[in-house]
Amino acid sequence: MLYVSDLDGTLLTTTATLSAYTRDTLNRLLVGGLPFTVATSRSVSSVGPIFRGVSLPLPVIELNGAYITDLATGQHLIVNDIATELAAEILALVQPYGVKPLISSYDGQHDHVYFTTDVNPGIQWYVDDAKRNEDGPWHGCSNLSDILDEQVMRFTLIDTKARLTELEQSLNQRFSNQLDMHLFENPNQPDWYWLTLQDRLATKANGIRELQALHALDNHQLTVFGDHNNDISMFQLADVAVATANATPELRQHATEIIGHHSEDSVVKYLEARWSMVNV
């Protein structure tokens, strides 16, 4: 068995934390041998504080599969970056639209997020939220082309739905087979939309496959948990795909089971019930 869960809207509460019940139950299950990890759009610097006091036995899949990372050390075991030439082409295509991207990168030792200093309210919300959640380091940068000598992991574009929809169509025409793209509304800031661009290998499904290869888990039955469209790839991969009650309609189409709302500790209750059946 292998269990992999998304975080926001799935394992975490509505305040993006582990509830006391989930934390305590998860710790007990992990001590009992539960093979569990997470696959999240968050970075490891954001995941680390959430899991203080919880020792995950397996690496985490972060940035939607851009990294496979040892949570205890922060070491990236696998890096799925966007090729430098492709990153430069993306930046050149985006700039005429007046959309100012945030760029997540890796310099071989440390993670970074770069953003231009003249930001819109949608970007400012993200910057402020990152500071609140210890998700850094972040850097203001007047010319984003200057950072293309680092490994580019993700472009995050934040703007209106109309502008990003038009931009997504242009990106699809140019790079459809080279990128993994997701367009969605920020649930914490209505009317501001995010478009994320990553390498085609930077998906949760591919991250799980890489994790399975690293730890010889290829033949283990896979159960995954999620709530949003960026979970679809791992739902298609899994033997058992469990959606929370708050999941998007698109993800529900790929689910084999629907459980309670993420605010009800539904994932850890499911894990507790299934793991007790395995270990009778």
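**Exercise 1. How many bridges join strand β7 to β8, and do the two run parallel or antiparallel?**

Before we start: this is a predicted model, where local features need pLDDT of at least 70, side-chain atom pairs count only at pLDDT 80 or more, and totals for chains, interfaces and linings use all residues. Residues are numbered from 1 along each chain as its sequence is written, and side-chain values use heavy atoms, leaving out hydrogens and water.

Step 1. Find β7 at residues 111-115; strands here are DSSP runs of E, at least two residues long, and helices are runs of H or I, at least four, numbered from the N terminus.

Step 2. Count the links: β7 and β8 share 3 bridges and run parallel. Two strands pair if DSSP finds at least two bridges between them.

Step 3. Pick out one bridge: Val 113 has Trp 138 of β8 as its partner.

**Exercise 2. Place β8 in its sheet and find which helices pack there.**

Step 1. Write down the order: β8-β7-β6-β9-β11-β10, an open sheet of 6 strands with mixed pairing.

Step 2. Look at the edges, β8 (138-140) and β10 (179-185), each of which pairs on one side only.

Step 3. Add the helices. Helix α4 (residues 84-94) touches β9, β10 and β11, and its direction makes about 15° with that of β9. Helix α5 touches β6, β7, β8, β9 and β11, at about 125° to β9. Contact means heavy atoms within 4.5 Å; axes are lines fitted to C-alpha atoms, for helices over the stretch in contact, with angles from 0 to 180 degrees between N-to-C directions.

**Exercise 3. Work out how the aromatic pairs connect parts of the chain.**

Step 1. Search the whole structure: 8 aromatic pairs turn up. Rings of Phe, Tyr and Trp (its six-membered ring) pair if their centres lie within 6.5 Å; planes under 30 degrees apart are stacked, over 60 edge-to-face, and the rest tilted.

Step 2. Take Tyr 126 and Trp 194: with centres 4.4 Å apart and planes at 45°, the pair is tilted. Tyr 126 sits in α5 and Trp 194 in β11, so the pair ties together parts 68 residues apart in sequence.

Step 3. Check burial: Tyr 126 and Trp 194 are both buried, where buried means under 20% relative accessible area, exposed over 50%, and partly exposed in between (1.4 Å probe, protein chains only).

Step 4. Compare Phe 225 and Tyr 270, an edge-to-face pair at 5.3 Å centre to centre and 80° between the planes. This pair links β12 with α10, 45 residues apart.
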